[in-house]
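Open the model in your viewer and keep the sequence panel visible. The stops below each begin with a selection to make.

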Amino acid sequence: EFRRVLFRSLLKPVRVEARPSRWLQAWAARFTDKLFAAGPVRALAVCAALACVAGWLASRTRVDDSWIENLPEKSDVRVGDREINRMLAGTTLLDFDVAAAAGASFLDPRAMEQLHILENALRRAPEVGAVRSIYQDVARVEAGRELRPYSEYRGGLTSAQIGDALHTLRTNPGPSLDPWITRDGRHARVTAMLRDANYSRIEGALQAAQAAKLDSHLVSAPGPFGDGWVSYSTVRNLVAGQQSSIAFAFLTDFAVLAILFRSVRASVLTLAPVAFSMAAVFAVMAAAGLPLGIANSLFIAVTIGVGMDFSVHLTETIRKARRAGSSYAEAVREGMLGTGPAVFTSVASLSCGFLVLAFSTVSPNRQLGALICLSLGVCAAAAFVLIPALVMLFGRRAETGGRVGAEAAMRVAHARDGR
């Protein structure tokens, strides 16, 4: 009998009714009253001004990242890398492949001189600690033959001198020349060593190589490769992919919301707070000098995916109240009182969860946690202001239009009765 009663009690449905706390309800009511007192036009004007400033600052957000700088400040790897960069030429290699023009090779003194020009252009870049190419090896051999210090050697090379120097270097014991020049002399490698290499410093070296005044009739434009280029390309592709995905995400979300809501206006209402939040966070990053990297750029996906829920709930609650016959002002109040406390609780709980990242020893993880919390908070605040203000503005226009139409109809009716 006991087991039968226990089994029935476990199967009996339990009704759980979630009721927001009184202070959250009171806060939502006071906020709604202040929003009504300010008026939708004033609220939207303030939001528009803030959006313009945020957009201007967001356009100045820079991209930068480095796996070394992402390590803890006192880690052995980072300390060792800092000392090597301070005492030596650098720890990151950025390589360039330079190809001779069709029918030519680097046995031609003019083509070999192009490597010297590229070396000098890279050497002038502040982030470059040292540069090496086959030109240096050939010049050193010729300087040794003339019994002159290499630092003072400025002699012009002939085809015979280049051929003899390459033959000497290939036949003598030592490292192979194959990594620096191909057997047919058509391709040569130029390597730059970078100090404290990150995305921006590698980009500076790449720009220096592109600015080198090379003769296109003798050699092709230098093609980057190697570890430095892989690091630079990875950051550029991942971060640029995150940025370009913003437009695609907004377009797809707009289409999905327009279909589900069966209203383009409701879709715009839902997306407006998310767009405002994205611009605000990018503006904060630009103002704080915080670059956009691989790890902290992930806040974009979280903001769009999670932050949009706040707007969806509030918009749908207002639409439901309108379908029930409430006026626009009453629908906004019902939406704020019914959804505001839940959104506030959701933001608080999610922020507490993501703030765990603030205790990470890795800097990008701390940045990611802070950016997610900031973006969710701004998204919720924007939803509380933008959506009610836009609804009241649209409702005021609709009610004004309906009243004008009714008055016109009455005047027409009176005119007919007078006749």
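The tour goes from model confidence to the core, then to one helix and to two loops.

**Confidence.** Colour the chain by pLDDT. This is a predicted model, and its average pLDDT is 83, with 89% of the residues scoring at least 70. Now select residues 400-410. Here pLDDT stays under 50, and the model has 0 contacts for this stretch beyond four places in sequence.

**The core.** Select Phe106, Met112, Leu115, Ile134, Phe282 and Phe299. They are the residues with the most contacts inside the largest nonpolar core, which has 96 residues. Which helix gives the most to this core? Select residues 363-418: this is helix α13, and 18 of its residues belong to the core. As background, nonpolar side chains tend to be buried together in soluble globular proteins.

Stay in the core and centre the view on Met112. Apart from neighbours within four places in sequence, Met112 is in contact with Phe106, Ile134, Tyr135, Val138, Leu157 and Ile162. Two of these names, Ile134 and Tyr135, return at the next stop as buried residues of α6.

**Helix α6.** Select residues 134-145. Does the length of this helix agree or disagree with what is expected from its residues? Its 12 residues should span 16 Å at 1.5 Å a residue, and the C-alpha atoms at its ends are 17 Å apart, which agrees.

Next, look at how the helix is covered. Of the 12 residues in α6, 9 are buried. The buried set consists of Ile134, Tyr135, Gln136, Asp137, Val138, Ala139, Val141, Glu142 and Ala143. To see what they pack against, add α5 (109-123), β2 (128-133), α7 (159-171) and β3 to the selection. Then step past the end of the helix to Leu147, which follows α6 and has a positive phi near 55°.

**Two loop residues.** Select Asp196, in the loop between β3 (187-194) and α8 (199-211). Asp196 is not a glycine, yet its phi is positive, about 50°. Is Asp196 buried, partly exposed or exposed? Its relative accessibility is 39%, so Asp196 counts as partly exposed.

Finish at Arg262, which sits in the loop between α9 (227-261) and α10 (264-288). Arg262 is another residue other than glycine with a positive phi, near 55°. Show its surface: Arg262 has a relative accessible area of 79% and is therefore exposed, the cut-off for that word being over 50%.

Methods:
Residues numbered from 1 in each chain as written. Predicted model: local features only at pLDDT ≥ 70, side-chain atom pairs only at ≥ 80, totals over all residues. Heavy atoms only, no water. pLDDT = per-residue confidence, 0-100. Contact = heavy atoms within 4.5 Å. Core = buried A, V, L, I, M, F, W, Y, C linked by side-chain atoms within 4.5 Å. Buried < 20%, exposed > 50% of the residue type's maximum accessible area, 1.4 Å probe, protein only. Helix = DSSP H or I, 4+ residues; strand = E, 2+ residues; numbered from the N terminus. Expected span 1.5 Å × (residues − 1).
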